[in-house]
Amino acid sequence: MNRQEYIEAVELAKGWQFVPAAQLIKIPGTTEPAKDISLNDVHKGALAMQLISQVDEIDGVTFDSDINGRATVVNLRATVDKPDVTSHHGSSRSDNAIGAILDSGVLK
């Protein structure tokens, strides 16, 4: 995932905030912000979990991750511009989850 995709994910996550002027991410529950270009694995995992919980709140949309790390978003309310199934595989579990959710467009 590239820097812009992480920023987009942060902007979709409830309670998270990207501060462009300082190039920092404010993370709920932490006292120190993270540099947006150096989110560590713990931050990425927390961001992925926040986005997954938001997806789980949407009727007709489900998130799933398999034993191999493939992340899948199924949108039963799909339209032309929002695919019915979006998946990512090959990166870390957190990156796969964030990527599948971003690409699905269900949180926009």
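Let us start with the hairpin made by strand 4 and strand 5, in what is a predicted model. Five residues lie between these two strands, and in the turn G69 has a positive phi of about 95°. Strand 4 covers residues 61–65 and strand 5 covers residues 71–75, and the two pair in the antiparallel sense over five bridges. Two of the partnerships can be named. T62 has V74 in strand 5 as its bridge partner, and V61 stands opposite N75 in strand 5.

Next, the sheet to which this hairpin belongs. In which order do its three strands stand? The order is 4-5-6, the sheet is open, and the pairing is antiparallel. Strand 4 and strand 6 are at the edges with a single partner strand each, so one side of each has no neighbour in the sheet. On average, and with direction ignored, neighbouring strands of this sheet are turned by 15° against each other.

The pairing of strand 5 with strand 6 is antiparallel and runs over four bridges. Here A71 stands opposite H88 in strand 6. As for its surroundings, strand 5 is largely enclosed by the rest of the structure, because four of its five residues are buried. As a general remark for those new to the subject, side chains in a regular strand alternate between the two faces of the sheet.

I now turn to helix 3. This helix spans residues 93–104, which makes 12 residues. From its first C-alpha to its last, helix 3 reaches 16 Å, close to the 16 Å expected at 1.5 Å a residue. Just after helix 3 comes G105, which takes a positive phi of about 75°.

Why may we call helix 3 largely enclosed by the rest of the structure? The reason is that 10 of its 12 residues are buried. The buried residues are S94, D95, N96, A97, I98, G99, A100, I101, L102 and S104. What covers them includes helix 1, at residues 3–12, and helix 2, at residues 41–56, together with strand 4, strand 5 and strand 6. Helix 3 lies across strand 4, strand 5 and strand 6, and runs at about 150° to strand 6.

Let us look at how helix 3 meets helix 1. In general, two packed helices are described by the angle between their axes and the distance between the axes. For helix 1 and helix 3, the axes come within 10 Å and cross at roughly 75°. The two helices are therefore roughly perpendicular to each other. Helix 1 contributes E5, Y6, E8, A9 and L12 to the contact, and helix 3 contributes D95, I98 and L102. Of the residues in this contact, five are nonpolar, none is polar and three are charged.

Finally, I would like to consider three residues of helix 2, beginning with V55, which lies in this helix. Is V55 buried or exposed? With a relative accessibility of 0%, V55 counts as buried, because the cut-off for that term is under 20%. Which residues does V55 touch, if those up to four places away in sequence are not counted? They are V61, T62, F63, I101, V106 and L107. V106 deserves a further word: it is 51 residues apart from V55 along the chain, yet the C-alpha atoms of V55 and V106 are separated by 7.3 Å.

The second residue, Q54, also has its place in helix 2. Its relative accessibility is 7%, so Q54 counts as buried. Leaving aside neighbours within four places in sequence, Q54 is in contact with L12, A13, K14 and L107.

The third residue is H43, which lies in helix 2 as well. At 19% relative accessibility, H43 still counts as buried, because buried means under 20%. Apart from neighbours within four places in sequence, the contacts of H43 are W16, I27 and A34.

To close, I return to two points. Helix 3 lies across strand 4, strand 5 and strand 6, and its buried residues are covered by elements that include helix 1 and helix 2. V55, in helix 2, touches T62 and I101, among others.

Terms used
Residues are numbered from 1 along each chain as its sequence is written. This is a predicted model: local features need pLDDT of at least 70, side-chain atom pairs count only at pLDDT 80 or more; totals for chains, interfaces and linings use all residues. Side-chain values use heavy atoms; hydrogens and water are left out. Two strands pair if DSSP finds at least two bridges between them. The expected span of a helix is 1.5 Å times one less than its number of residues. Buried means under 20% relative accessible area, exposed over 50%, partly exposed in between (1.4 Å probe, protein chains only). Contact means heavy atoms within 4.5 Å. Axes are lines fitted to C-alpha atoms, for helices over the stretch in contact, and angles run from 0 to 180 degrees between N-to-C directions. Angles under 35 degrees count as roughly parallel, over 145 as roughly antiparallel, 65 to 115 as roughly perpendicular and the rest as oblique. Ala, Val, Leu, Ile, Met, Phe, Trp, Tyr, Cys and Pro count as nonpolar, Asp, Glu, Lys and Arg as charged, and the others, Gly among them, as polar.
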